[in-house]
Each structure stands twice: as C-alpha cells, then as structure tokens.
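Hello,

Here is the structure I promised to pass on to you. Please have it open while you read the notes underneath.

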Amino acid sequence: MYVLDTNVLIHDPNALLNFEEHDVIIPMTVLEELDGLKSGKQSVAADCRQAIRTIDRLLGDASPKDIEKGVPIVRAKMAEPLGTLSILMSTENTGNHSLPEHLNDNKIINTLAALQERHKSRDIILVSKDINMRLKARGFGVEAQDYQNDQLVDDINLLPKGYIEFPNSFWDTIAKVETVQRDGVTEHILKREGELAKLNINEFVLDEQGFIGRAVNITDTQVIIRDLHQHDLMNEEVWGLVPRDIYQAMALNLLLDPDIHLVNLTGSAGSGKTILALAACIEMTVASKLYKRIIATRSTQGLDEDIGFLPGTEAEKMEPWLGAIVDNLEALHEDDENMTASVDYILSKVPLHFKSMNYIRGRSFQHSLIIIDESQNLTPHQIKTIITRAGNGSKVICLGNLAQIDTPYLSALSSGLTYMTERFKNFSHGGHIHLQGVPRSLLAEFAEANL
C-alpha cells in the first residue's frame, strides 16, 4: 500500500496513475490540504485542482464502502484496471505512542501507524517529497520513500553534456570514413561504434587538434557528422557578442539554428547562459527577423502576492524580475558611447515580454522565442506546461544551474531541468550544451570553486 503525501500530488498531479498494480491510499488530511491550496492563480493552486480532478475521475460514482475498500484504477478506456485507489479516514490513535496531532504531518503518520497495526502482513509505505516528513515517519516505525517516478537518472553526472571530447586527434579513433559535400557543407559518414555509440543527435564531437563536428543524423549502424570550422564558430559575432570559449561557440551554433526548436543550456553561475541566449534572441528578432517576439519567464516565488502591492505600471512592477535580462543587455552594450540610451533603445525596439509562469497556462505563442530562466527550480510537470505553449515557428531556450535549486522538495535528480535533458536527448530538433568555466570574472570563478 502506497500512501501519498500532499507534496507528491502537487509535484505530479498524475502521480496516482504511476504505481502500477499497487494500492494507492490518500489520507483525508491530504485532501484537506489540497482544498486549502486550490484557490488562487499560482501554479501550486492549478496543480492542486488538477490532482483533485484526477482523484474525482478515478473514484467516479463509487459508494463510500467501495472507496474505503479501494476503487480499481482505470488508466484508459480499453485497458484492464490495475491497482486500487482509496481514501483513508483520519483515525484517532488511542495508543500511548502517538505523535501530537497539532500538525498535519503528525496526523498522517499516526493514521499510517494505525493502518499498519490493522494490516500487519502488508507493506505500508509513505511516499513524500519532504525529507523531514520521511525522517519522522521512519523514526515512528513507518516505512517512507521519495517519489521517484520522474527521476530518470541515478547520478547527475550521467546526464549528457551535449558533446564528446577526444584527447589528441578524433580521427585517430576512426578506422573508416566516407566524406561527402552537400550544398557547400562537408559531412562525414562514420560507423556507430566505440565512443560514437554514446553520441546523441545534435551533440558535438571535438578534439585537441581543432576538429569540431555535430551529429546531424544517427541510425542504428552509422553516424553522420557535419564538419564545423572552429575558426568560424569562435568568430561568430552575435549582437556584438563573440564566444569566449568553444563551449559558448557550440551553444551559439544551436541557438542560431532555425531547425533546432529546443535549446537547453546548463552550467555554473557566470558561464554565460543568459547573455548567450539574449544576444541570440535579439539577433534573430531584430536583425534576421526570424521570430516576432521574445518571451522571458522564470519561477518566481511569491510574485503574484507581491506584484499587486508594488507601485507603478505592469512594466515597472516586473522590473525587479527583469534584472538579469537588463544586466546582460548592459553587458552587451558596455562599449557603446551611451550605454543607457542603447539599452533603452533596445528595450523599446525589441518586443521583449516578461510573463509570470502562473499566467502562461492556456496560452499559445506563435513565432516566438521563449526563454525559461532558472529552469532548475521547476518540476517536470511545470516544464511540460511551459514547453507545450510553444506554437508554430517558436523556439524554447531553457537555462539553469542544477547546483542552485531554491524550491522546496526538489533536488538535482528530481528537477524538471534534469528530466527534460534526459527526455529530449534523442529529439532531432533539440540540443543541449553544458557550459564550462566561469568567464564572468576571476572573482566569480574563484568563488564557484572555493566557497
């Protein structure tokens, strides 16, 4: 029997459907907590409402006796029911060993302990994203686990970086190659073996001799690598910005490619994620006019409560949250005669919109560049909500640093950024680069390494 905590249903409103043949139990206290959080326009409220609707759909018109016993979970119309769902009433724990009932967490643990007494032959497992809740449950003799259905990797180091680096020469590892010229582009057709077997679509190959290529086609037996000239990549100027290292050059190559619809940039603080994305976005909206507008969004705790009390227009209210964008605009124009005038001119000319994530649901953005900043703070469910807003001719750019997660109940392994990186690694119109180094400043580099 798996007993779900409230934070699991907020993290993934469809969590009930992911326990296969097992019995899923929802304590009455969890329903009360969902009820208390369901109002408002925050993403948490929307997740609560979706979880409540899922519970209602699964229970259908079952009688109270059936709900207590367990209603079979039907996942699809033609599929056989698998597992059951039941609501657990809070039972008064009459034993001497019970936690004080002034906290909802304690009520749930006491209820589970009473349930364990009644079903001694069965495993009763509490599923919670709250580490402290799990510790309390274990201390009280109730087994507790984290919700791991959307954790696709066991170690963050197993995530793809977006490139494979070869010491010395890449060609020393290749026995046979067929090279063709197509529309002025050189492509190498190689057998998929050794290190190349680990290569995903749109990942790069680079070596110490200066060769760099991108995998543009992968089959079971062969890999087609497009030859990119390192000199051209390193000297590509985008809105006055020139890449500082080869990793930034690879990121710009993906950002500027109209056939790549999703770009995912990770890296430590100061590695250049935001400034690269912003320069590429301005170039593609103002200079080449491939896109009509730039939409920036990020996870902002408490934004909805605070914004109403701030004075000024909507643009002025959003200014604190646009700080990272304005900072990077200033960096792009720091050599101009009048930097402030340049930044104001760009902000007036570039159709740059800042949207709170809570108001993005239900929207459809056509021919837009969507920048998701601080995406490590989003759950897999929230990431899906934003990416599915991209309409025809739109491109999504996700930026994040898995070492800086501020959201409760999220870790590097359960972050939506990790989930998306792993899920999209074989997407032919997606690309991912993990940026290296800290080019922001010598101070930032030393702090990242030593603090």
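Below is what turned up, starting with the whole chain and moving on to single residues.

Please keep in mind that this is a predicted model. The chain has 451 residues, of which 48% are buried. You will find 16 helices and 18 strands in it, and the C-alpha atoms fill a box of roughly 75 × 65 × 50 Å along the principal axes. If we take contacts between residues at least 6 apart in sequence, 68% of them join residues at least 24 apart. The exposed area of the chain comes to about 22800 Å², with carbon and sulfur atoms supplying 50% of it.

Next, the charges. There are 63 negative side chains and 42 positive ones, and the centres of these two sets are 7 Å apart. One spot to look at on the surface is a patch of negative charge made by Glu334, Asp335, Asp336 and Glu337. Asp335 sits in the loop between α12 (323-332) and α13 (339-349). With a relative accessible area of 74%, Asp335 is exposed.

Side chains of opposite charge can pair when their charged atoms come close. How many salt bridges does a search of the whole structure find? The count is ten, and here are some of them:

- Arg214 and Asp257 meet through their side chains at 2.7 Å, N to O. This pair links distant parts of the chain, 43 residues apart: Arg214 belongs to strand β11 (residues 211-218), while Asp257 is in the loop between α8 (246-255) and β13 (262-266). Both Arg214 and Asp257 are buried.
- Glu195 and Lys198 form a salt bridge at 3.0 Å, N to O. Lys198 is exposed, at 54% relative accessible area, whereas Glu195 is partly exposed at 36%.
- Lys425 and Glu422 form a salt bridge at 2.7 Å, N to O. Glu422 is buried, because its relative accessible area is 15% and the cut-off for buried is under 20%. Lys425, at 27%, counts as partly exposed.
- Lys129, Arg134 and Asp146 are joined into one network by salt bridges that share partners.

Two residues caught my eye for their backbone angles. Asn168 is not a glycine, yet has a positive phi of about 60°. Asn168 lies in the loop between β7 (163-166) and β8 (177-182) and is partly exposed, with a relative accessible area of 46%. His367 is not a glycine either, and has a positive phi of about 50°. His367 is in the loop between β15 (352-354) and β16, and is partly exposed at 33% relative accessibility.

Strand β16 covers residues 368-373, and Asp373 is part of it. Is Asp373 buried or exposed? Asp373 counts as buried, because its relative accessible area is 12% and the limit is 20%. From Asp373 to Gly40 the C-alpha distance is 23 Å, with their positions 333 residues apart in sequence.

Last, have a look at Thr29 in helix α2 (residues 28-37). Thr29 is buried, with a relative accessible area of 1%. Beyond its neighbours within four places in sequence, Thr29 is in contact with Ser90, Asn104, Lys107 and Ile108.

Happy browsing, and do write back with any questions.

Best wishes

Terms used. Residues are numbered from 1 along each chain as its sequence is written. This is a predicted model: local features need pLDDT of at least 70, side-chain atom pairs count only at pLDDT 80 or more; totals for chains, interfaces and linings use all residues. Side-chain values use heavy atoms; hydrogens and water are left out. Helices (H or I, at least four residues) and strands (E, at least two) are DSSP runs, numbered from the N terminus. Buried means under 20% relative accessible area, exposed over 50%, partly exposed in between (1.4 Å probe, protein chains only). Contact means heavy atoms within 4.5 Å. Accessible areas come from the Shrake-Rupley method with a 1.4 Å probe; for residues, only the protein chains shown count as cover. Lys and Arg count as positive and Asp and Glu as negative; His and the chain ends are not counted. The place of a charge is taken as NZ of Lys, CZ of Arg, CG of Asp or CD of Glu. Patches are made of residues with over 30% relative accessible area and no salt bridge: like charges are joined within 9 Å, nonpolar side chains (Val, Leu, Ile, Met, Phe, Trp, Tyr) within 5 Å. A salt bridge is a side-chain nitrogen of Lys or Arg within 4 Å of a carboxyl oxygen of Asp or Glu.
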